[in-house]
Amino acid sequence: MTMNLTRVPGLLYGGDWNPEQWSEEVWAEDVKLMAEAGVNLVTVGVFSWARLQPAAHSWDFGWLDRLLDLVHAHGIAVDLATATASPPAWLVRAHPELLPVTADGVRLEFGSRQHYCPSSTAYRAAAVRLTRALATRYRHHPALVLWHVHNEYGDHVQECFCPASAADFRRWLRERHGTVEELNRSWGTAFWSQRYNSFDQVEPPRTAPGPVNPTQLLDWRRFCSDALLALHRAEKAALDEISPGVPVTTNFMSMFKALDYWEWSRHEDFVSDDAYPDPADPRAHVNAAMNYDLMRSLKAGRPWLLMEQAPSAVSWRPVNVPKPPGLYRLWSLQALARGADGVLHFQWRASVAGAEKFHSAMLPHRGTAGRGWRETVALGAELRRLGEVAGSRMRGRAAVLLDWDSWWALELDDHPSARMRWLDLLRPWYAALYERGVTVDFLPPGGELTRYPLALAPNLYLLDTADADRLDAYVRGGGHLVCGPFSGVTDRHDHIHPGGQPGPLRELLGVVVDEPWPIPDGESTALDLDGVGLSALRWSEWIETSDAEASDTETNGAETIAHYTSGPLANRPAVTRRRHGDGTAWYLSCHLDAADTGRVLDLPLAEAGVGAELPGLPAGVEATRRRAADGTEYLFLLNHGSVERYVALDRPGTDLLTGTAATGLTLAPLGAAVLRIPPTEERA
Ligand code: GAL
């Protein structure tokens, strides 16, 4: 039995529809065209607050009543937004204090969107009131299948430095630290005479003369994620109370630094994401794959929803390149290939006014005569053919560890190098795996790793001893772990672990860092990996392997797998491996590009027996597999390249897009296939 995200059968197809921008005659045309395109779900009301509640005590639901009835009459379901992402002018003028304030003390004006302080009680009360009003009115409407809370929390405004935020921050700190002595200890306020006598003396990290206390900044990041989450939870609680049984989601923004999506996703009925890969970037699909893998992983592999993508160009980049023919289809299928159960868009009909009037839409300005419309209709038809894929699941073959605390702490100021940025460290690892056809799931460092033979940690700058112990147990239980540089550096207060990096992983990895050795921009340090020359960029480390005899384990010490061959680190170890029974713990002490990272990762991949999803895949072709509960497999093949490719299948299947049975097939440039492969006997 597969479970659909909503009670709409098959895959979801549609987008944000902003009917308040149009007359009711246009709505009538819209629903007809939606039916023609195979749209089965529209997101309504994302920015409708001013229309729904024109003044503090006046409500106008009549238009939304008519709209929902109209949509329902055309067999289209509704993802109803709570409309709280853009507070109306009357509310802002009545409560000017709800506008957010920057670290420099500038209060941001009305006139855009997302203009609210996350800790404002006036904003929260008004948002919850609107949510309750919508939930009460529409909970039984037959078109309603999903609630869409707010829109992209953290987009535009992620933090506010006003007095209300300061008070909320102090409350949060009291809860976290209990006493001011504990806060002083955790923040290391003995340094630079930063001691506090009471919580009342604490302020948010506003612009200060020099570097601000790093633990204060780290706690601030944690607080800001929690403050927005509190808003989300308040709306979600109202919906759950008034409209039980209807799923609730809010649209995430892929791998987004400001919000700890591990924590956030616990409060979602399912994960939904907005993704805008840049058609001008020839590697955009690799990043997209990475983001989709995260979205799937946030709920341990459960299907997720692509809530927004652009049918063609966006309007917010300096140069907004459209999607050439075929790319929109290919990238839509890519989201499905990585576990999405639907493809929705921003937006249904292109706006004629406002900041996004040059953004592409399913129905472009040119109307049904345009190429965009033909592609919209064609994709809708294809998604119908793929309906049976809904509910099936994709699982990665290896785990990649990701931790927001560590991300935030890594990117604080005054580190050995400002070039150590999480996404820059992660991308070459992900790209190397992607090129090899190795699929991955993301996990938090304390996650359940045992089903993965290989776990990769491109960086774990901040690492709690409890999480380190779990990694230790994983390797001692036969797992293979690869750790990237500048890991195990600090504890959860961002205090340096005693005894040298990688702190609580020293024993497991069998190495200690004597000193980090950042590499200046434009320079590199040479390495030798069994006769192959590699180049370290940005970062290297003077490491020493631990003496086997001094070790309290029965295992050998760490072996040197690659060593530096140039500069002050010449002849010193660069990549090491330590065996623990059947498990291995690898340390990579420098940053490498994707090609060189891959050369190193080939060794642990081989040792862990982790290979490609479909062996022998030609360059440029992506292959992923989703499995239904009955063992049926859906093999997605996506040709991101500009040349035709032949793919031999490991088992015969039927391409759902063409209905053709195949043991192998040729993919045109930007071509795709989705093969249904029946369960093997022993699986069935
Ligand atoms: C998203 C947002 C939409 C629209 C879109 C344009 O970030 O949720 O409302 O602005 O971007 O690409």
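In this predicted model, the cover over the buried residues of helix α7 includes α6 (163–177) and α8 (214–242). Helix α7 itself spans residues 180–187. Its buried residues are Val180, Leu183, Asn184, Ser186 and Trp187. Gly188 comes just after α7 and takes a positive phi of about 60 degrees.

Strand β3 covers residues 77–81 and is mostly covered, with five of its five residues buried. Its side chains divide between two directions. Ala77, Asp79 and Ala81 point one way. Val78 and Leu80 point the other way. Both groups are buried. Strand β3 also has parallel partners. Strand β2 (residues 41–44) is joined to β3 by four bridges, and the two run parallel. Within this pairing, Thr43 stands opposite Asp79. Strand β4 (residues 144–148) is likewise joined to β3 by four bridges, again in parallel. Here the bridge partner of Val78 is Leu144 in β4.

The ligand site was examined next. The residues surrounding the ligand are Phe47, Arg113, Asn151, Glu152, Asp274, Tyr276, Glu308, Trp316, Phe346, Glu356 and His359. Polar contacts to ligand oxygen atoms involve several of these side chains, including Glu356, where a polar side-chain atom lies 2.3 Å from an oxygen atom of the ligand. For His359, a polar side-chain atom lies 2.7 Å from an oxygen atom of the ligand. In Trp316, an N or O atom of the side chain is 2.7 Å from a ligand oxygen atom. Taken alone, the ligand exposes 310 Å², and the protein buries 95% of that.

Phe346, one of the residues around the ligand, also takes part in a cis peptide bond. The bond from Phe346 to Gln347 is cis, with omega near -10 degrees. Gln347 is found in the loop between β9 (340–345) and α12 (371–385). Another cis peptide bond runs from Gln501 to Pro502, with omega near 0 degrees. Pro502 is found in the loop between β13 (480–483) and α16 (506–509).

Positive phi values also occur in residues other than glycine. His156 has phi near 70 degrees. This residue is found in the loop between β4 and α6. His156 is partly exposed, with a relative accessible area of 49%. Arg538 has phi near 65 degrees. Its loop lies between β16 (532–537) and β17 (541–545). Arg538 is partly exposed too, with a relative accessible area of 26%.

An open sheet of ten strands was found, with mixed pairing. Its order is β11-β10-β12-β13-β20-β19-β18-β15-β16-β21. The edges are β11 (440–443) and β21 (591–592). Each has a single partner strand, so one side of each is left without a neighbour in the sheet. Strand β10 (residues 398–401) is joined to β12 (residues 454–457) by two bridges, and these strands run parallel. Val400 stands opposite Leu456 of β12. Helix α15 (residues 465–476) lies across β10, β12, β13, β19 (573–580) and β20 (583–588). The helix runs at about 135 degrees to β13.

An open sheet of five strands has antiparallel pairing. The strand order is β22-β23-β26-β24-β25. At its edges stand β22 (621–627) and β25 (660–667). Each has a single partner strand, so one side of each is left without a neighbour in the sheet. On average, neighbouring strands are turned by 20 degrees against each other, direction ignored. Seven bridges join β24 (residues 645–655) to β25, and the two run antiparallel. Ala648 has Gly664 of β25 as its bridge partner. Helix α11 (residues 327–337) packs on this sheet. The helix touches β22, β23 (633–639) and β26 (672–677). Its direction makes about 145 degrees with that of β23.

Technical notes: Residues are numbered from 1 along each chain as its sequence is written. This is a predicted model: local features need pLDDT of at least 70, side-chain atom pairs count only at pLDDT 80 or more; totals for chains, interfaces and linings use all residues. Side-chain values use heavy atoms; hydrogens and water are left out. Two strands pair if DSSP finds at least two bridges between them. Axes are lines fitted to C-alpha atoms, for helices over the stretch in contact, and angles run from 0 to 180 degrees between N-to-C directions. Contact means heavy atoms within 4.5 Å. A residue is near a molecule or strand if one of its heavy atoms lies within 4 Å of it. A polar contact is a pair of N or O atoms within 3.5 Å; within protein, one must be able to donate a hydrogen and the other to accept it, and residues adjacent in sequence count only if both atoms are side-chain atoms. Accessible areas come from the Shrake-Rupley method with a 1.4 Å probe; for residues, only the protein chains shown count as cover. Buried means under 20% relative accessible area, exposed over 50%, partly exposed in between (1.4 Å probe, protein chains only).
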